[in-house]
2 protein chains.
Amino acid sequence: MDALTILDRKRRGGRLGREELAFMVGGYQRGEIPDYQMAALLMAVAIHELDVDEASHLTAVLVASGRRLDLSGVPGPVLTRRSTGGAGEKLDLIVAPLVAALGVAFPVIAVPGIVGHTEGSAEKLAVIPGLRTELAEPELIAVLREVGTVVARQPAGIVAVDHALFELRRLTASLKTTGLTTCSILSKKFAEGADGLVLDVKTGDPRAGMRPLLEAEGMARFMVEVGRRFGRRMVALVTELSQPLGRGIGLLPELREVLLTLQGQGPDDVTELAIETAAQAVALAGRVAEIGQARDLSARALKDGSALARFRAMVARQGGEGRVVDDPGLLGVAPVRELLRAETDGVVSAIGLDAVERATLLLGAGREAAVARVDPRAGLMLHAKVGDAVRRGEPLAEVHAESSERAGLGLVALRDAYVIGHDRPAPRPLVHRVVQ
Amino acid sequence: MDALTILDRKRRGGRLGREELAFMVGGYQRGEIPDYQMAALLMAVAIHELDVDEASHLTAVLVASGRRLDLSGVPGPVLTRRSTGGAGEKLDLIVAPLVAALGVAFPVIAVPGIVGHTEGSAEKLAVIPGLRTELAEPELIAVLREVGTVVARQPAGIVAVDHALFELRRLTASLKTTGLTTCSILSKKFAEGADGLVLDVKTGDPRAGMRPLLEAEGMARFMVEVGRRFGRRMVALVTELSQPLGRGIGLLPELREVLLTLQGQGPDDVTELAIETAAQAVALAGRVAEIGQARDLSARALKDGSALARFRAMVARQGGEGRVVDDPGLLGVAPVRELLRAETDGVVSAIGLDAVERATLLLGAGREAAVARVDPRAGLMLHAKVGDAVRRGEPLAEVHAESSERAGLGLVALRDAYVIGHDRPAPRPLVHRVVQ
């Protein structure tokens, strides 16, 4: 077996077997396959894509590249979720205690936020004073056993080769691919011990870098098939993300919204998606005969405070100041808050994700580089969302920052995000598809 | 302009403009674009290929990466040829003096043989004692002006980035592509000052690594179009190479065959292809009204000794021992010569190129690595070629080596090359297409 034969096969659109993928990935990990050969392979894979067989082989190879979390001591099945991310995605912290409240173990194991918005769940929770998310493996498992959920940073060594491959993909423009993204996501969740996954593949405007519906559905189907080939319980939602999810963006604004939702007073879209995701998890765990029943149970657990109680227990068990759960005002607020006001009467016809992301970065609430410091109190709150009627001078949104300079910059960017028109746009469903 | 946008465009099958190609190639040459990004680009180009516009842009960028030979002092047009190579390809050394004898300047500027057989023309000629092929630019031009031809190693600095790109393509399995191969070949010939090119694209059995006819024709057409976009006179022959060309393989055996052909006694295939190639060059130079006339002139120049006279003049001008031209016996012969004999009666139905190449390497007449020493006297002579009737015990071929151990290894490999059958295979044309 040699790298050139493997590269030649994939260049011509052929399929690679498990041994060949292990040869390349293992060789790369050991420093025997140089960057340029791996970069060429990644580009060939990005163009010709992987089929289900290849992706399941590659997922297995990636899992084998590092340590595995042993959750066999946790009464299973252990479920979790993974979304493809986006502005305002704070579902992890709501769904986890909600599913736990329904008797199904549901850990949230998060890698630190990379550039942009993805996977900051552990950082959002860590805004609570005293709360620890860097848990050693025994403690992580103990919290999960006792509370039914845990929010922790990924232990070191899970899919050890993933970071280097991700960087190489980023530097060679081969990130946006179904196969490699699938293998990266699934390998981490499987190495973290998940028996089943509720995936959330976002769809939206391609001009904002989102997947169009057909492509998102294809990706959802592919991920479900690969995961099932691996013997895991799999379901994928294809959900709309053409404006930010909910109203809060930024660590503290999102944490507030999480608490509000767990108190039964969350925004409609966040509440609906939390209930649907939790219901799919409960159904996947085999705890209900049909999904309607699971939705009812989930909705009730949000209303009756049992999800909130589970969240409170998790916060306390991880060393956090428990009082903030019922009194979020204790978390403080950013020193500078300014309102964005409507300049005309009309209806909000769009809130551009690109501009929102730019505003988030300018406010200090986003990560421009892997090492950048994120201001926990910075962010924004959307008062008006798509379809809302607004009058001139009424507040559209509020920016939170540590200085009026940052607030000003954020306001300018956010102004670009809002498009005010005359007619109410046709409403779009939040959950487009459930792929099983 | 940035590398990621360019990589992303080509990954998605888009086209690159001249500025983008210059950004990548120039950046790579200056060490600003890392190997892995260039490797990813080469793989994307290998898969999506280049269109004529892109290839002419890339050719221009490659030419600009190094020095150019200034042949403006040579009465033009200056023509030359380039074949895609293969066992027994010794046409350069025959066609060059033949075309020169017909009044058209025809230099042979060769890069040192890479692994395998290609482009050893200067090395073959350098078997003649005293003959120098490393000529400084003024001398190269002087010989070309005086004799009408010159055989020289490529001066340093021509398409300076070509070697690094070629190595990167070799190490990432992206060599076998029409676009990149075209740009590499044309850029060198154009930087060397050619006003026109007779290309020779070989076709043969894909199992022996040769291009099938349609693919070879496509490549010929592409190269002609790209070269013409560049304002050069272009013609391409698509020629059969399903068995070695001629009878001799190896530096000395090929040089002998060159002399024999110039004396009007060469093998039929070599003589036919030399006449056709020279005729196309003369026609391309505008020296005849129609190609039939050019063929007659070429055939006569081989018969009447004027091509040989031009060869003799070139050898003398480059410091070579002139007597060997008329008395090749002075060149000596390898110490060990052994015959391969037919094991059955029959007709030669195939001579496998793979096995011939293996035999050549084992005899010491081929280059296994770029730094390997090639034994100038080693090689082989094919007595029987495809279609020849043979009787058991009759010689099929003769191997030449410096030791009986090497000769023995070569014989074993060569035995695999010969396939003896019952029926004479249908003859195949030598020149399949003339693409203009």
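Me: Hi! How many residues of chain A are in contact with chain B, and how many the other way round?
Reply: Hello! 21 residues of chain A are in contact with 21 residues of chain B, where contact means heavy atoms within 4.5 Å. This is a predicted model, in which local features need pLDDT of at least 70, side-chain atom pairs count only at pLDDT 80 or more, and totals for chains, interfaces and linings use all residues. Residues are numbered from 1 along each chain as its sequence is written, chains are lettered from A and ligands numbered from 1 in the order in which they are written, and side-chain values use heavy atoms, with hydrogens and water left out.

Me: What area do the two chains bury between them?
Reply: Chain A and chain B bury about 1,800 Å², with 72% of it on carbon and sulfur atoms. Buried area here is the accessible area (1.4 Å probe) that two parts lose on being put together, summed over both. R11(A), Y36(A) and I47(A) supply 35% of the area that chain A buries against chain B, more than any other three residues.

Me: How many salt bridges and polar contacts cross over?
Reply: The rule finds zero salt bridges across the interface; one would be a side-chain nitrogen of Lys or Arg within 4 Å of a carboxyl oxygen of Asp or Glu. Four residue pairs, both at pLDDT 80 or more, are in polar contact between the chains. A polar contact is a pair of N or O atoms within 3.5 Å; within protein, one must be able to donate a hydrogen and the other to accept it, and residues adjacent in sequence count only if both atoms are side-chain atoms.

Me: Which helix gives the largest share of chain A's side?
Reply: That is α3(A), with 10 residues. Helices (H or I, at least four residues) and strands (E, at least two) are DSSP runs, numbered from the N terminus.

Me: New topic: K90(A). Where is it found, and is it buried or exposed?
Reply: K90(A) is in the loop between β1 (79-83) and α5 (92-101) of chain A. K90(A) is buried, with a relative accessible area of 1%. The cut-offs are under 20% for buried, over 50% for exposed and partly exposed in between (1.4 Å probe, protein chains only).

Me: What does its side chain make a polar contact with?
Reply: The side chain of K90(A) makes one with the side chain of E257(A), at 2.7 Å. A polar atom of the K90(A) side chain also lies 2.9 Å from the backbone oxygen of G248(A).

Me: Now the backbone. Where are the cis peptide bonds?
Reply: In chain A, one joins G76(A) and P77(A), with omega about -5°. In chain B, one joins G76(B) and P77(B), with omega about 0°. P77(B) lies in the loop between α4 (52-64) and β1 (79-83) of chain B.

Me: And what is phi for E49(A) and E49(B)?
Reply: Phi of E49(A) is positive, near 60°, and E49(B) has a positive phi of about 65°. Most residues other than glycine have a negative phi. E49(A) lies in the loop between α3 and α4 of chain A and is partly exposed, at 23% relative accessible area.

Me: Last one: why is α11(B) largely enclosed?
Reply: 10 of its 12 residues are buried, so α11(B) is largely enclosed by the rest of the structure. Among the buried ones are L251(B), P253(B) and T261(B). After α11(B) comes G264(B), whose phi is positive, near 80°.
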